[in-house]
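Q: Please take a close look at one part of this protein model and explain, in connected prose, how that part fits into its surroundings.

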Amino acid sequence: MFSINDLDNINEELKPLKELADRELRSIYGLTGLLYTPHIDAYNLVAVKKSKILQHLKKAELIPLSEVETVSTKLMALHRRAKNHQIVEHQGHSYKCVFAPLTLSKTGKIVRKWVKYWLRMLPNGKIDRAWESQVREVWPENFLIKRSDYE
């Protein structure tokens with residue numbers, strides 16, 4: 001269904017959208033409420049499309065799984081009952097379990113569904129931003145908060 005060429009094309013499509021989305025995000029930083037964010041929305045849609053292409057290519061074994069995917073899968077299996085912000089050690093690195101809202105009620109006051117992911121910690125106790133970026137690239141749909149139709 002997908003090929004490596006599709007991945008190259010989607011990466012080219014993402015570059016200008018990422019710049020616009022980042023600029024738009026910087027301009028609204030600190031604001032609250034419902035905002036019109038067409039560049040962020042366009043970037044997110046293409047990022048999700050890229051993620052689907054990557055998943056297909058990895059399933060077909062055309063490209064290997066990333067370290068983020070293999071380590072996250074192991075951590076999910078080993079620490080199924082990990083709490084939010086719990087830190088665990090795995091293969092010489094520290095990882096922090098993070099829960100984030102995935103689906104909100106219509107009003108946005110109640111979280112209907114949570115997503116769990118793992119972030120690598122640096123020796124100084126801060127989050128490894130390169131690792132976080134890869135997590136967002138592999139599973140971008142986990143960072144798009146949706147509203148549910150039922151209250």
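A: The buried residues of helix 3 are covered by elements that include helix 2, strand 1, strand 2, strand 3 and helix 4. The model under discussion is a predicted one. In helix 3, the buried residues are Val68, Glu69, Val71, Ser72 and Leu75. Helix 3 itself is made of 12 residues, and the distance from its first C-alpha to its last is 16 Å, close to the 16 Å expected at 1.5 Å a residue. A general point helps in reading such a list: an α-helix has 3.6 residues a turn, so residues three or four places apart point the same way.

The place of helix 3 in the chain may be described next. The protein chain contains four helices and four strands, and from the N terminus on these elements follow the order α-α-α-β-β-β-α-β. Of the 151 residues in the protein chain, 34% are buried. Among the contacts in the protein chain with a separation of 6 or more, 55% are between residues 24 or more positions apart.

One of the elements that cover helix 3 is helix 4, and their packing can be described in detail. The two helices, helix 3 and helix 4, pack at an angle of about 85 degrees, and their axes are 10 Å apart. Angles of 65 to 115 degrees count as roughly perpendicular, and helix 3 and helix 4 are therefore roughly perpendicular to each other. On the side of helix 3, the residues that meet helix 4 are Glu67, Val68, Glu69 and Val71; on the side of helix 4, they are Trp131, Gln134, Val135 and Val138. Sorted by character, the residues of this contact comprise five nonpolar, one polar and two charged.

Helix 3 also takes part in the largest nonpolar core. This core has 16 residues, and those that touch the most other members are Leu75, Tyr95, Tyr117, Trp118, Leu119, Trp131 and Val135. Two or more residues of this core come from each of helix 3, strand 2, strand 3 and helix 4. Strand 2 gives the most, with five residues. In soluble globular proteins, nonpolar side chains tend to be buried together. Leu75 appears both among the buried residues of helix 3 and among the core residues that touch the most other members. Trp131 and Val135, which also belong to that group, are among the residues of helix 4 that meet helix 3.

Tyrosine 117 gives a closer view of the core. Its contacts, leaving aside neighbours within four places in sequence, are Met76, Lys96, Cys97, Val98, Ala100, Val135 and Phe143. Separate from the largest core is a second one of 10 residues, including Ile10, Ala47, Leu57 and Ile63.

Strand 3, another of the elements that cover helix 3, holds valine 115. Residues count as buried under 20% relative accessible area, so valine 115, at 9%, is buried. Not counting residues up to four places away in sequence, valine 115 touches Val98, Phe99, Ala100, Leu102 and Asn142. Valine 115 and leucine 102 are separated by 13 residues in sequence, while their C-alpha atoms are 5.9 Å apart in space.

Helix 2 is a further element that covers helix 3. Helix 2 has 22 residues and reaches 32 Å from its first C-alpha to its last, close to the 32 Å expected at 1.5 Å a residue. Its buried residues are Ile40, Val46, Ala47, Val48, Lys50, Ser51, Ile53, Leu54, Leu57 and Lys58. Two of these, Ala47 and Leu57, are also among the members of the second core.

The loops around these elements complete the picture. Glutamate 61 lies in the loop between helix 2 and helix 3. Although glutamate 61 is not a glycine, its phi is positive, at about 60 degrees. Exposed means over 50% relative accessible area, so glutamate 61, at 71%, is exposed. A positive phi, near 50 degrees, is also found in glutamine 91, a residue other than glycine. Glutamine 91 lies in the loop between strand 1 and strand 2 and counts as exposed, at 58% relative accessibility. In the loop between strand 3 and helix 4 lies lysine 126, which is exposed at 57% relative accessibility. Not counting residues up to four places away in sequence, lysine 126 touches Arg120 and Met121.

Key
Residues numbered from 1 in each chain as written. Predicted model: local features only at pLDDT ≥ 70, side-chain atom pairs only at ≥ 80, totals over all residues. Heavy atoms only, no water. Expected span 1.5 Å × (residues − 1). Buried < 20%, exposed > 50% of the residue type's maximum accessible area, 1.4 Å probe, protein only. Contact = heavy atoms within 4.5 Å. Core = buried A, V, L, I, M, F, W, Y, C linked by side-chain atoms within 4.5 Å. Axes fitted to C-alpha atoms, helices over the stretch in contact; angles between N-to-C directions. Parallel < 35°, antiparallel > 145°, perpendicular 65-115°, else oblique. Nonpolar A, V, L, I, M, F, W, Y, C, P; charged D, E, K, R; others polar.
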